[in-house]
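Subject: Structure handover

Hello,

Here is the structure I said I would pass on. My notes on it follow below the display.

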Amino acid sequence: MSTDQRMPKVTAIVLNWNNAPDTVECVRSLQAVTYPNLDILVVDNGSTDDSVDHLREGLPGVDLLETGANLGYAGGNNMGIRHALKT
């Protein structure tokens, strides 16, 4: 049995809106998870502050998806889910 069959891919989607410090802290906690097939995706939900720059600086190597507008909680997560299913 391959690793993929024993350990299915899991994508943790973290939604951000104008609160990069909390998002960075959340992602750093997820990075400590020992599950071997975990991806982390940060979705910036149309922040109007400097969140995107702060996230890129504070989370190098983490996938960051920008919605371009505030899609609400469900809309931002749905965009993240669609992205995760493609990868």
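I start with the interior. The largest nonpolar core has 9 residues in all: Val14, Ala20, Val24, Val27, Ile40, Val42, Leu55, Leu59 and Val62. Two elements give two or more residues to this core, namely helix H2 (20-31) and strand E2. Of these, H2 gives the most, with 3 residues. That fits the general pattern, since nonpolar side chains tend to be buried together in soluble globular proteins. Please keep in mind that this is a predicted model, so all of what follows describes a prediction.

One member of the core, Ala20, sits in helix H2. Ala20 counts as buried because its relative accessibility is 2%, and the cut-off for buried is under 20%. Ala20 and Ala84 are 64 residues apart in sequence, and their C-alpha atoms are 21 Å apart in space.

Next, the salt bridges. The structure holds 2 of them. In one, the side chains of Asp39 and Lys9 meet, at 3.3 Å from N to O. This pair links distant parts of the chain: Asp39 belongs to strand E2, Lys9 to the loop between helix H1 (3-6) and strand E1, and the two are 30 residues apart. Both partners are partly exposed, Asp39 at 32% relative accessibility and Lys9 with a relative accessible area of 36%.

The other salt bridge joins Arg56 and Glu66, whose closest N and O atoms are 2.7 Å apart. Arg56 lies in helix H3 and Glu66 in strand E3 (residues 63-66), so this pair ties together parts that are 10 residues apart in sequence. Arg56 is partly exposed, with a relative accessible area of 48%, and Glu66 is partly exposed as well, at 42% relative accessibility.

Asp39 also has a contact in space worth listing. Asp39 and Thr11 are 28 residues apart in sequence, and the distance from C-alpha to C-alpha is 4.6 Å. A second pair of this kind is Asn45 and Leu15, which are 30 residues apart in sequence and 6.7 Å apart in space, C-alpha to C-alpha. Asn45 lies in the loop between E2 and H3. Is Asn45 buried or exposed? Asn45 is buried, because its relative accessible area is 3% and the limit for buried is under 20%.

On the surface, Asp49, Asp50, Asp53 and Glu57 form a negative patch. Asp49 is in the loop between strand E2 (38-44) and helix H3 (51-58). With 36% relative accessibility, Asp49 counts as partly exposed, because that class lies between the 20% limit for buried and the 50% limit for exposed.

Last, a point on the backbone. Which sign does phi of Asn18 have? Phi of Asn18 is near 55 degrees, so the value is positive although the residue is not glycine. For comparison, most residues other than glycine have a negative phi. Asn18 lies in the loop between strand E1 (10-16) and H2. Asn18 is partly exposed, with a relative accessible area of 23%.

To recap the items to look at in the viewer:

- the core of 9 residues, to which H2 gives the most;
- the salt bridge of Asp39 with Lys9, and that of Arg56 with Glu66;
- the negative patch that includes Asp49;
- the positive phi of Asn18.

Regards

Notes. Residues are numbered from 1 along each chain as its sequence is written. This is a predicted model: local features need pLDDT of at least 70, side-chain atom pairs count only at pLDDT 80 or more; totals for chains, interfaces and linings use all residues. Side-chain values use heavy atoms; hydrogens and water are left out. Patches are made of residues with over 30% relative accessible area and no salt bridge: like charges are joined within 9 Å, nonpolar side chains (Val, Leu, Ile, Met, Phe, Trp, Tyr) within 5 Å. Accessible areas come from the Shrake-Rupley method with a 1.4 Å probe; for residues, only the protein chains shown count as cover. A salt bridge is a side-chain nitrogen of Lys or Arg within 4 Å of a carboxyl oxygen of Asp or Glu. Lys and Arg count as positive and Asp and Glu as negative; His and the chain ends are not counted. The place of a charge is taken as NZ of Lys, CZ of Arg, CG of Asp or CD of Glu. Helices (H or I, at least four residues) and strands (E, at least two) are DSSP runs, numbered from the N terminus. Buried means under 20% relative accessible area, exposed over 50%, partly exposed in between (1.4 Å probe, protein chains only). A nonpolar core is a set of buried Ala, Val, Leu, Ile, Met, Phe, Trp, Tyr and Cys residues joined through side-chain atoms within 4.5 Å.
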